[in-house]
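Work through the exercises below with the structure open. Try each task before reading its solution.

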Amino acid sequence: MEVILRDKIREAVKVLYNSDVSDELIQVQETKKDFRGDFTLVVFPLLRFSKNTPEKTGESIGEYLIKNFEAISKFNVIKGFLNLEVSGSWWLDYFINTASADDLIDKCRVPVPGTILVEYSSPNTNKPLHLGHIRNNLLGFSIYRILASCGHNVIKTNIVNDRGIHICKSMLAWQKFGNGETPETSRMKGDHLVGKYYVLFEKECKVQIESLLNSGMEENDARNSAPMMKEAREMLLKWEAGDREVVDLWKKMNSWVYAGFDETYNKLGVDFDKIYYESETYKHGKKIVQDALNKNILYQKEDTSIWADMTDEGLDQKLLLRSDGTAVYMTQDLGTAVDRYNEYRFDRNIYVVGNEQNYHFHVLKALLKKMGYQWSDGLFHFSYGMVELPEGKMKSREGIVVDADDLISEMIETAREVSLELGKLADFTPEEKNEIFRKIGLGALKYFILKVDPKKNMTFNPTESIDFNGNTGPFIQYTYARIKSVFRKAEQSEINENLSLLQGMHPGEKEIGLIRIFSKFPEAMTAAAEGYSPALVANYCYELAREYNQFYHDFSILGETEERVRNLRLAISRVTGEILFKGMWMLGIEMPERM
RNA sequence: GGUUCCGUAGCUCAGUUGGAUAGAGCAACAGCCUUCUAAGCUGUGGGUCGAGCGUUCGAGUCGCUCCGGAAUCACCA
């Protein structure tokens with residue numbers, strides 16, 4: 001609509017003032033609620049052509065549009081704003097032509113689909129997932145669904161950081177204090193069990209460091225010469241050397257962690273098409289660094305460490321291989337990126353990683369470019385903000401975290417309590433009820449996180465549980481459940497929807513309001529895809545649900561006696577339900593039929 | 001210290017390329033269930049958009065300065 005309208009306005013200026021206007025001067029926006037109209041043209045930028053007052057200019061363009069554009073039925077001018085009303089019949093035609101969520105989604109299809117890799121989750125194998133990972137997983141999975149809905153070929157990948165000093169810490173503590181404990185004997189989830197020993201390591205190590213500090217040692221030295229720390233480093237060297245005992249332990253403990261992660265991923269409803277392991281990709285990374293050194297793209301210091309000089313990019317010197325030849329974080333990311341390109345020839349490679357690593361990805365992209373990989377232009381760091389607690393950042397070393405599994409359980413439990421209190425599910429089996437509680441609890445959690453602009457940091461207060469009223473997941477689920485309920489009743493009364501009856505009728509204001517919101521669905525989706533922001537879809541769905549609830553409150557659907565009106569209301573209800581379903585689907589949120 | 005990001009109602013968040021009187025929810029208060037689900041709907045109160053200067057017909061939005069907060073600048077990941 002907006003596109004056609006802009007063309008017509010351009011035409012009006014041409015005819016009235018004999019001037020060609022560029023696109024940015026035609027400022028069309030939605031009319032504010034307090035004023036009458038659907039779209040508003042800001043006329044200030046056009047005054048230079050009309051050489052007239054804002055009011056007169058608005059009047060002239062308004063009159064032209066009435067005469068020459070049948071969709072516009074009325075207009076009014078307030079100060080420099082030309083408010084245009086689109087006729088009900090135009091909206092009705094629009095609705096008849098796009099009377100399903102799929103029709104609307106089709107408008108988002110990109111003309112040329114790309115191959116897009118989305119990397120998300122990227123856990124370390126020394127501790128369980130926490131709230132920060134939840135945000136990461138939800139964002140990654142959602143952006144996958146949004147891009148896929150636009151027609152792209154999207155591949156979900158995960159890079160598991162399974163090697164390094166951190167896992168050695170857990171392994172060492174387990175060797176020392178574990179007494180052979182396993183997930184089976186301890187009845188702990190594997191990732192939690194390993195995490196327990198990681199925390200134990202840090203605790204013991206801290207004691208050792210403090211005693212060294214008390215004996216007068218400098219902090220850095222103390223940190224490095226704590227006996228536990230030394231042992232962990234020795235273990236890492238053994239691991240790199242392929243020491244059988246260490247490698248076996250590593251495999252065993254990692255397998256515990258993976259089983260735990262799989263469970264959490266399952267509960268969250270996310271999955272992956274391809275999983276990379278850093279224990280494999282870092283080798284390739286080393287080779288890439290060596291090759292680049294041979295081509296003099298990198299340089300070597302006297303201590304044999306290898307560096308990249310990025311100062312011409314306004315960046316720093318960057319270490320790529322330690323003096324002992326071992327790899328660093330950047331090394332394995334280079335390897336992973338090249339591996340991925342060789343495997344998929346992607347157009348875009350999206351890294352869903354927190355904004356604390358902005359610098360890292362800036363360097364990674366520039367470095368690949370420097371090494372001659374032109375496709376590094378396709379690398380995109382989907383940088384999202386931290387989840388903070390009211391007291392500040394989460395600190396996993398100190399155990400100040402909101403654990404993912406705990407949070408999910410608590411949300412489902414809260415959903416159960418709220419649902420039972422409302423007591424609407426009396427005739428369901430226990431299994432069916434649990435399924436509904438699960439959908440609602442997770443819906444609340446996911447929506448709470450995804451409705452926030454990904455770029456921004458967000459605060460999570462564990463003591464105030466996540467709401468189920470207002471701008472929340474359950475509110476939207478509830479709206480959907482109501483619509484489903486209407487259709488169940490309709491079926492019982494043998495009332496069917498008949499679109500052909502709609503031709504030529506006059507929709508009411510509230511109905512037009514909903515159709516207008518329908519028409520914004522493709523824009524919201526496209527903006528979400530282009531701006532990497534599931535929040536836009538979330539907020540769109542909220543707006544639609546709110547508007548529908550008002551409509552639902554003010555008008556009877558099945559009780560309407562005039563058949564055509566009832567039909568329109570049924571059709572509008574159906575499309576609302578479809579859009580909410582699809583929109584929430586893009587956020588990875590499931591919808592209960594009843595709640 | 002260098003670089004980057006953020007400051008909107010008591011709290012959590014929206015606010016399109018600069019446009020009209022800055023919006024929602026929560027919390028508080030007052031109403032609405034004999035009706036298609038009240039997890040809903042309606043209303044009231046609540047703001048120096050961190051501060052100042054500038055650009056502009058017009059600034060929460062753009063620029064500069066300052067204040068406050070965060071991230072990063074590791075032979076950590």
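**Exercise 1.** Which helices and strands each supply at least two residues of the surface near RNA strand B?

Solution. The model is predicted.
- Start with the strands: strand 1 (27-30), strand 2 (39-42), strand 4 (81-86) and strand 15 (458-459) qualify.
- Add the helices: helix 14 (329-344), helix 16 (404-422), helix 18 (473-492) and helix 21 (534-554).
- Now find the largest share: helix 18 gives seven residues.

**Exercise 2.** Describe the residues that surround RNA strand B, then the RNA atoms they meet.

Solution.
- Count the residues: 65 surround RNA strand B. The closest are Asn161, Asp303, Lys424, Ser485 and Phe555.
- Turn to the RNA side. Of the RNA strand B atoms within 4 Å of the protein, 61% belong to sugar and phosphate.
- Sort the surface by class: 26 residues are nonpolar, 20 polar and 19 charged.

**Exercise 3.** Find side-chain polar atoms that approach a base or a sugar or linking oxygen of RNA strand B.

Solution.
- Check the bases. Serine 323 places a polar side-chain atom 2.9 Å from a base nitrogen. For serine 419, a side-chain N or O atom also lies 2.9 Å from a base nitrogen.
- Check the backbone. A side-chain N or O atom of histidine 553 is 3.0 Å from a sugar or linking oxygen.

**Exercise 4.** Trace the sheet that contains strand 9.

Solution.
- Set the order: 8-9-10, open and antiparallel.
- Mark the edges: strand 8 (299-300) and strand 10 (317-321) each pair on one side only.
- Inspect one pair. Strand 8 and strand 9 (306-309) share two bridges. Tyrosine 299 faces tryptophan 307 of strand 9.
- Add the packing helix. Helix 13 (278-294) touches strand 8, strand 9 and strand 10. Its direction makes about 120° with that of strand 10.

Definitions and conventions:
Residues are numbered from 1 along each chain as its sequence is written. Chains are lettered from A and ligands numbered from 1 in the order in which they are written. This is a predicted model: local features need pLDDT of at least 70, side-chain atom pairs count only at pLDDT 80 or more; totals for chains, interfaces and linings use all residues. Side-chain values use heavy atoms; hydrogens and water are left out. A residue is near a molecule or strand if one of its heavy atoms lies within 4 Å of it. A polar contact is a pair of N or O atoms within 3.5 Å; within protein, one must be able to donate a hydrogen and the other to accept it, and residues adjacent in sequence count only if both atoms are side-chain atoms. Helices (H or I, at least four residues) and strands (E, at least two) are DSSP runs, numbered from the N terminus. Ala, Val, Leu, Ile, Met, Phe, Trp, Tyr, Cys and Pro count as nonpolar, Asp, Glu, Lys and Arg as charged, and the others, Gly among them, as polar. Two strands pair if DSSP finds at least two bridges between them. Contact means heavy atoms within 4.5 Å. Axes are lines fitted to C-alpha atoms, for helices over the stretch in contact, and angles run from 0 to 180 degrees between N-to-C directions.
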